[in-house]
Amino acid sequence: MLRIHEIFHSLQGESSRVGMPTVFVRLTGCPMRCVYCDTEYAFKGGSNMSLDDIMAQVESYGAKYVCVTGGEPLAQKKECLKLLKRLCDEGYEVSLETGGAIATDGVDERVAVILDIKTPGSGELAKNKWENLQRLKPNDEIKFVLCSREDYDWAKQLLAEHALNEKCQVIFSPVFSQVTPTDLADWVLADRLPVRMQVQLHKILWGETPGK
């Protein structure tokens with residue numbers, strides 16, 4: 001059984017799959033409290049669901065892509081790993097959005113791990129599990145959510161020191177309402193960084209509406 005907050009069908013708003021119709025399976029609970037969190041409602045609540053019930057609801061939407069997210073999905077790691085494998089076995093293209101505070105060992109190799117690296121501005125820098133960088137595969141992605149120019153400079157230095165863009169795709173994203181997309185785009189271009197700059201498509205379309 002997994003504690004599920006919601007399962008819904010929407011457009012992927014982030015990552016290299018942005019714009020793709022996707023089924024989101026949002027698990028309840030998270031060990032982090034990032035200052036910019038936009039899914040605090042998923043810290044508690046939800047209902048217990050079996051893998052069979054989850055799969056039936058996912059199938060009902062008829063989408064090719066499934067994103068397992070939270071909260072922090074790996075907070076329910078044992079059962080989450082089973083869900084990820086089951087989704088892959090049944091032919092879905094699967095991504096896992098994880099905040100980086102829990103080890104990603106055991107995640108099915110077919111899953112695209114979208115790994116956040118928490119910046120100083122997030123308030124959760126100390127919770128980064130740096131060993132997760134050693135597990136990254138070419139189809140995974142690293143995401144920096146940036147609160148300020150200081151966060152950007154910190155991420156830029158980490159990018160260079162660890163040659164992160166040689167491991168997988170790297171995404172720089174501005175915190176909604178704190179860093180303007182134009183400023184971030186200008187910084188990336190000025191520094192000629194080998195990263196993908198993105199904004200959150202779902203917020204442009206639907207604002208802060210849950211389940212979108």
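Here is a short back-and-forth about salt bridges, a helix pair and some backbone details in this predicted model.

Me: What makes Glu79 and Lys82 a salt bridge?

Reply: Their closest N and O atoms are 3.2 Å apart. The cut-off is a Lys or Arg side-chain nitrogen within 4 Å of an Asp or Glu carboxyl oxygen, so the pair qualifies. Glu79 and Lys82 sit 3 residues apart in helix α2 (residues 77-89), which means about one helical turn separates them. A search of the whole structure finds 18 salt bridges.

Me: Why is Lys82 called partly exposed?

Reply: Lys82 has 40% relative accessibility. Buried means under 20% and exposed means over 50%, so a value in between gets the middle label.

Me: Which salt bridges does Lys156 form?

Reply: One is with Asp153, where the closest N and O atoms are 4.0 Å apart. The other is with Asp191, at 3.2 Å. Lys156 lies in helix α3 and Asp191 in helix α4 (residues 181-191), so this pair ties together parts that are 35 residues apart in sequence. Asp153, on the other hand, is 3 residues from Lys156 within helix α3 (residues 149-161), about one helical turn away.

Me: How do you know whether Lys156, Asp153 and Asp191 are buried or exposed?

Reply: Check the relative accessibilities: 25% for Lys156, 31% for Asp153 and 30% for Asp191. Partly exposed covers values between the 20% and 50% cut-offs, so that is the label for Lys156, for Asp153 and for Asp191.

Me: What else do we know about how α3 and α4 meet?

Reply: Their axes come within 11 Å and cross at roughly 35 degrees, and the crossing is right-handed. On the α3 side the residues are Arg149, Tyr152 and Lys156, and they meet Leu184, Trp187, Val188 and Asp191 in α4. By class, that contact has 4 nonpolar, no polar and 3 charged residues.

Me: Why does Tyr152 not add to the polar tally there?

Reply: Tyr counts as nonpolar under the classes used, so Tyr152 goes with the nonpolar residues.

Me: Where is Glu14, and what makes it buried?

Reply: Glu14 is in the loop between β1 (2-11) and β2 (21-27). Its relative accessibility is 10%, and buried means under 20%, so the label follows.

Me: Which residues share a salt-bridge network with Glu14?

Reply: Asp116, Lys118 and Lys143 are linked with Glu14 in that network. The side chains of Glu14 and Lys143 also make a polar contact at 3.2 Å. The polar-contact limit is 3.5 Å, so the distance fits. As a general point, side chains of opposite charge can pair when their charged atoms come close.

Me: What makes the peptide bond between Gly70 and Gly71 stand out?

Reply: That bond is cis, with omega about 20 degrees. Gly71 is in the loop between β4 (65-69) and α2.

Me: Which residues other than glycine have a positive phi?

Reply: Ala163 is one of them, with phi about 45 degrees. Arg192 is another, with phi near 50 degrees. Ala163 is in the loop between α3 and β8 (169-174), while Arg192 is in the loop between α4 and β9 (196-197).

Me: How do you know which labels Ala163 and Arg192 get for exposure?

Reply: Arg192 has 76% relative accessibility and exposed means over 50%, so Arg192 is exposed. Ala163 has 24%, in the range between 20% and 50%, so Ala163 is partly exposed.

Me: What makes Thr98 buried?

Reply: Thr98 has 3% relative accessibility, and the cut-off is under 20%, so Thr98 counts as buried. Thr98 is in strand β5 (residues 93-98). Leaving aside residues up to four places away in sequence, Thr98 touches Glu72, Leu74, Thr104, Val113, Ile114, Leu115 and Asp116.

Me: Why is Ser122 called buried?

Reply: The relative accessible area of Ser122 is 0%, against a cut-off of under 20%, so Ser122 is buried. Ser122 lies in the loop between β6 (112-116) and β7 (141-146). Beyond residues up to four places away in sequence, Ser122 has contacts including Arg33, Tyr36, Cys147 and Asp151. The side chain of Ser122 also reaches the backbone nitrogen of Glu124 at 3.0 Å.

Methods
Residues numbered from 1 in each chain as written. Predicted model: local features only at pLDDT ≥ 70, side-chain atom pairs only at ≥ 80, totals over all residues. Heavy atoms only, no water. Helix = DSSP H or I, 4+ residues; strand = E, 2+ residues; numbered from the N terminus. Buried < 20%, exposed > 50% of the residue type's maximum accessible area, 1.4 Å probe, protein only. Axes fitted to C-alpha atoms, helices over the stretch in contact; angles between N-to-C directions. Left-handed = near helix turned anticlockwise from the far one by under 90°. Contact = heavy atoms within 4.5 Å. Polar contact = N/O pair within 3.5 Å; in protein donor to acceptor, adjacent residues only side chain to side chain.
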